[in-house]
Amino acid sequence: MIAIIAWRNVWRNKGRSLVVIGAMTVGIWALTFAGGFMQSFLTSYIESAIRHETSNGQVHHPEFTQDYDIQYNIKDYESILGFLKQSEVVESVTTRSLVNGMISSSRQATGVKIIGINPEEEAKVTALNTLISEGTYFEGISRNPVLIGNKLAEKLKVNVRSKVVLTFQDIEGNITAGSFRVAGILNASSVAISESSAYVLKSDLNRLLNIGDNIHEIAYTTVTGTDDEALANRIQTNFENDKVESWKEISPALVFMEQMMASMLKILIIIIMSALAFGIINTMLMAVLERIRELGMLMALGMKRAKVFLMIIVETIYLSTVGGPVGLFIGYATISYLGKVGIDLTDYSEGLEAIGYNSILYPLLQPMDYVQIVIGVIMTAFLASIYPAWKAIKLKPIDALHAI
Amino acid sequence: MSTIIKAINISKVYHKSTVPVHAVNNLSLNIEEGEFTAIVGPSGCGKTTLLNILGGLDQPTEGKVEVDGTDISSMKDSELIDFRLRNIGFVFQAYNLIPVLTARENVEFIMLLQKRNKKERHDRAMELLESMDIADKANSKPSQLSGGQQQRVAVARALASKPRFILADEPTANLDSSSTNNLLDLMAKMNEEQKATFIFSTHDQRVMDKARRIVTLEDGAIVSDVKR
Ligand SMILES: Nc1ncnc2c1ncn2[C@@H]1O[C@H](COP(=O)(O)OP(=O)(O)O)[C@@H](O)[C@H]1O
Ligand SMILES: [Mg+2]
């Protein structure tokens, strides 16, 4: 009967209850939406970083990553490549030779990371070809083609087909220079690609470095759902002379980003839940104050304080959980819809791309996230009901009966 | 007949203003089983205060109240709630039914608190509503009933718990004269049929005329006590 009374009490002041239910609906909707949005932000960011920059994993000589000394090439790269190509979770593999040097145009010179690549393999691993905004992907230039980022091109004041000179030390320590021609310009959100990299053919770079077929870097991609860390460890145990790293080790910033997003989501949840809690407390206090007489009467008749307390709590939980499922459902519908259609952020994408985001997001929430939200709401409702319920049982029946 | 209530030298003093108010002043009163007693007197003479003390809703400043030999003036708040549930029926001036429950549910509610089973609750509620001539409104909410009808439900509710006595503070103050007569007749009938002990306050002459004992108060003290 307490449950019945509580339920009917919820509907005594329909307007007020509907406001709370509405607030609850909007709150939960906002929560699911924000959760899905942030999740997709993160996923998109990490995916794009893996796709275009780190790949799922890389192999180097253990010393190489420290000072980029070209003598530290990967010794048994052929067996590593063989191993990777055999693995079922590895999608594609590419090899690179690397050297730090200078790039100069007739107007400007600047430091640059020179990356010798195999264009076809590179296209499969990092989709470098998709970043071409002007010119071509190594085509149409017969001798020494180079790709540079748009920012670097601006800085050097060069264009497609312009001549640039790359200068670096070869394996014997001699300063070597090569004359290259810009085949294409890369437009990337990544600062590394757009400002400080020059992509050349590995054969051209290796000839100038005088290092034969040696390579300094292997990058590989894996199929979706692969545990990249476990895979890296597995390769590492097989090839102890080299250093194998997953994207998490290559780019700790991505891991940090993941954690930061999770904390931001938590803060957001706390803010929204607190707002809801205050709304609930306020409404229930009003409901209690309005019913002082009635509550006093119940206690005069012999209703125990514990029961009165319980009644107010149940009433509050009803009030809050009516809006919850509605909000959850609308949130779910929104996420599912946008998850298919995507959110087009093209209008704001300049700023976003600058920090590395894609401009179309596909929000996504895991079932566990919904469960967490439901539990959060019920907990909030319960906590928010304690104060009004406590107020109710503090009433003395005689004073309450006299209150008009 | 046995004595249910013994009020012994009770006083109630309020110190709200600078002058202390003696709402009840060294009053002693016995109520026997089966009585149909009116507490009368002008407004402010202490009727409500007295009934509240007899009902364990308020504590006397001095003296004590015994119900069936138990001193209720020294009981703890939580004990009193339980005591009221088992021993006392209340009828209030403003009806005070639970607005979200139907007439029948209101009557059943008190038996539910007493943990009676469902069938017993239902049967007794319907029986009482019939006795109070309001069974046809069993499924109506209080807001759909007139004042007189609501008060009849309230009396049925008060009787439902099979209390030792029923306290009714000015039960007819908000009713017109025909509803007043009707309610008093029904109360008198329940007094006869169910041997229910009623103590009600009033300042209405027609209501006093129906009582079988009239206790008149003035400034918190009994000035006359007439049995008829
Ligand atoms: N809670 C209270 N605080 C202060 N004075 C009160 C209070 N309740 C009643 N009184 C005073 O006690 C006296 C008796 O009041 P009450 O018992 O309500 O009389 P009645 O019911 O006969 O009208 C009145 O003078 C009233 O003002
Ligand atoms: Mg009074």
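Mentor: Let's start with one contact in this predicted model. A polar side-chain atom of Thr49(B) sits 2.5 Å from an oxygen atom of ligand 1.

Trainee: How should I read a distance like that for Thr49(B) and ligand 1?

Mentor: The general idea is a cut-off: a pair of N or O atoms within 3.5 Å is taken as a polar contact. For Thr49(B), the 2.5 Å to the ligand oxygen can be set against that limit.

Trainee: Which polar atom of Thr48(B) lies 2.7 Å from an oxygen of ligand 1, a side-chain or a backbone one?

Mentor: For Thr48(B) it is a side-chain atom, 2.7 Å from a ligand oxygen. With Lys47(B), by contrast, a polar backbone atom is 2.9 Å from an oxygen of ligand 1.

Trainee: And how much of ligand 1 does the protein bury?

Mentor: Picture the ligand by itself, then put the protein back around it. Alone, ligand 1 exposes 560 Å², and the protein buries 68% of that area.

Trainee: Which residues surround ligand 1?

Mentor: Its surroundings come from chain B and include Tyr14(B), Lys16(B), Val21(B), Ala23(B) and Pro42(B). Also among them is the run Ser43(B), Gly44(B), Cys45(B), Gly46(B), Lys47(B), Thr48(B) and Thr49(B). By class, this shell holds 5 nonpolar, 5 polar and 2 charged residues.

Trainee: Which helix or strand should I look for around ligand 1?

Mentor: Find strand E2 (21-32) and helix H1 (47-54) of chain B, since each supplies at least two shell residues. H1(B) gives the largest share, 3 residues.

Trainee: Let's move on to empty spaces. How many cavities of 30 Å³ or more are there in the whole structure?

Mentor: A cavity is a space where a probe fits but cannot get out. The search finds 1 of 30 Å³ or more, and the largest cavity holds about 30 Å³ of space.

Trainee: Which residues line the largest cavity?

Mentor: Both chains take part: Leu301(A) is in the lining, together with chain B residues including Ile88(B), Phe90(B), Ile110(B) and Arg157(B). Strand E6 (88-91) and helix H5 (147-160) of chain B each give two or more lining residues. E6(B) has the largest share, with 3 residues. Sorted by class, the lining has 5 nonpolar, 2 polar and 1 charged residues.

Trainee: What is the volume of the second largest pocket?

Mentor: A pocket, unlike a cavity, is open. The second largest one has a volume of about 640 Å³. Its lining counts 22 residues, with Glu47(A), Ile50(A), Asn56(A), Asp228(A) and Trp247(A) nearest the centre. Helix H2 (14-54) of chain A is one of the elements supplying at least two residues, and H2(A) gives the largest share, 7 residues. The classes here are 5 nonpolar, 9 polar and 8 charged.

Trainee: Last one: how far apart are the C-alpha centres of domain 1 and domain 2 in chain A?

Mentor: Start with the bounds: domain 1 covers 2-49 + 255-401, and domain 2 covers 91-214. Their C-alpha centres lie 54 Å apart.

How values were computed: Residues are numbered from 1 along each chain as its sequence is written. Chains are lettered from A and ligands numbered from 1 in the order in which they are written. This is a predicted model: local features need pLDDT of at least 70, side-chain atom pairs count only at pLDDT 80 or more; totals for chains, interfaces and linings use all residues. Side-chain values use heavy atoms; hydrogens and water are left out. A residue is near a molecule or strand if one of its heavy atoms lies within 4 Å of it. A polar contact is a pair of N or O atoms within 3.5 Å; within protein, one must be able to donate a hydrogen and the other to accept it, and residues adjacent in sequence count only if both atoms are side-chain atoms. Accessible areas come from the Shrake-Rupley method with a 1.4 Å probe; for residues, only the protein chains shown count as cover. Helices (H or I, at least four residues) and strands (E, at least two) are DSSP runs, numbered from the N terminus. Ala, Val, Leu, Ile, Met, Phe, Trp, Tyr, Cys and Pro count as nonpolar, Asp, Glu, Lys and Arg as charged, and the others, Gly among them, as polar. Domain bounds come from an automatic or database domain assignment. On a 1 Å grid over the protein atoms alone, a cavity is a set of points where a 1.4 Å probe fits but cannot get out, and a pocket is an open set with protein on both sides within 12 Å along at least five of seven lines; lining residues have an atom within 4 Å of a point. Grid points are joined across faces, edges and corners, and a volume is the space filled by probe spheres set on the points.
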